[in-house]
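Student: I've got a structure open in front of me and I'd like to work through it properly. Can we take it one question at a time?

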Amino acid sequence: MSRTINLIVIHCAASPNGKVLGSASKSAAAVIDQWHAQRGFHRQPAAIAAYNPDLKAIGYHFVLDVDGSKSTGRALDEIGAHVAGHNANSIGICMVGTDQYSTAQWGALTSLVKSLLAKYPGVPVVGHRDRSPDLNGDGTIEPSEWTKTCPGFTVADWLAAGMKPQAKNVLAS
């Protein structure tokens, strides 16, 4: 299956900042897969058979752990389950943590987003919260309208700063 990608969405795992999610025996994506299974998410059998057959429920395409490791969830050609109303044509990236990320994670995010933008030129990159409904209809999604605070930083500011994070969003070394 081939699909048109018109959005890249950055998320957070809402896990403790600085705490590695994966382990020697289980990737961060595998941990999130368990969480998503508990929430009732599921992947289609053909998609499971074709890509990451041990992951039955994960909604994201990529997970970036605190140590900077990247694990895959769904295949890029597979519809995600990460942002209601926008899954059909988007790619979901999840950062382990809530609002502060390691320099290794920031580097991995920058590398991944640049790679995806090379493959899908001109596609907007947004945070999950940026896809909240515009409750007052003024054309701007303001903090008071966010249904989620994920990914804990303003993606537009990160992009405008040349993919350099604000100090408040970087874990102390």
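Student: Let's start with the inside of the fold. What percentage of the 173 residues in the protein chain is buried?

Tutor: Keep in mind that this is a predicted model. A residue counts as buried when its relative accessible area is under 20%. By that cut-off, the buried share of the 173 residues in the protein chain is 44%.

Student: And the overall build: what pattern do the helices and strands follow along the sequence?

Tutor: There are 4 helices and 5 strands in the protein chain to put in order. Reading along the sequence, you get β-α-α-β-β-β-α-β-α.

Student: What is the radius of gyration of the protein chain?

Tutor: The C-alpha trace spans about 40 × 40 × 30 Å along its principal axes. For 173 residues, a compact globule would come out near 16 Å, and the protein chain agrees with that. Its radius of gyration is 15 Å.

Student: How much of the contact set links residues 24 or more positions apart?

Tutor: Here you take the contacts in the protein chain with a separation of 6 or more as the base. Of those, the share from residues 24 or more positions apart is 64%.

Student: Let's zoom in on H1. Which strands do its buried residues pack against?

Tutor: H1 runs over residues 28-38, and its buried residues are Ala 28, Ala 29, Ala 30, Val 31, Ile 32, Asp 33 and His 36. Just after H1, Gly 40 takes a positive phi of about 90 degrees. As for the packing, the buried residues of H1 sit against E2, E3 and E4.

Student: Gly 73 caught my eye. Is it buried or exposed?

Tutor: Gly 73 is in the loop between E3 and E4. Beyond its neighbours within four places in sequence, Gly 73 is in contact with residues including Tyr 51, Leu 55, Tyr 60 and Phe 62. Its relative accessibility is 0%, so Gly 73 counts as buried.

Student: How far apart in space are Gly 73 and Ala 28?

Tutor: In sequence they are 45 residues apart. Ala 28 is one of the buried residues of H1. C-alpha to C-alpha, the distance between Gly 73 and Ala 28 is 9.5 Å.

Student: On to the charges. Which residues do the salt bridges join into one network?

Tutor: Side chains of opposite charge can pair when their charged atoms come close. The structure holds 2 salt bridges: Glu 78 pairs with Arg 43, closest N and O atoms 2.8 Å apart, and with Arg 74, where that distance is 3.8 Å. Both Glu 78 and Arg 74 are buried, and Arg 43 is buried as well. Through shared partners, the network is made up of Arg 43, Arg 74 and Glu 78.

Student: Which element gives the most to the lining of the largest pocket?

Tutor: The largest pocket has a volume of about 310 Å³ and is lined by 18 residues, with His 36, Arg 39, Tyr 60, His 128 and Lys 148 nearest its centre. E1 and H1 each supply at least two lining residues. With 3 residues, the element that gives the most is H1.

Student: Last one: how many residues in that pocket's lining are nonpolar?

Tutor: Sort the lining of the largest pocket by class and you find 4 polar and 2 charged residues. The nonpolar count is 12.

Methods
Residues numbered from 1 in each chain as written. Predicted model: local features only at pLDDT ≥ 70, side-chain atom pairs only at ≥ 80, totals over all residues. Heavy atoms only, no water. Salt bridge = Lys/Arg side-chain N within 4 Å of Asp/Glu carboxyl O. Buried < 20%, exposed > 50% of the residue type's maximum accessible area, 1.4 Å probe, protein only. 1 Å grid on protein atoms, 1.4 Å probe; cavity = no way out; pocket = protein on both sides within 12 Å on 5 of 7 lines; lining within 4 Å. Points joined across faces, edges and corners; volume = space filled by probe spheres on them. Nonpolar A, V, L, I, M, F, W, Y, C, P; charged D, E, K, R; others polar. Rg over C-alpha atoms; globule rule 2.2 N^0.38 Å. Contact = heavy atoms within 4.5 Å.
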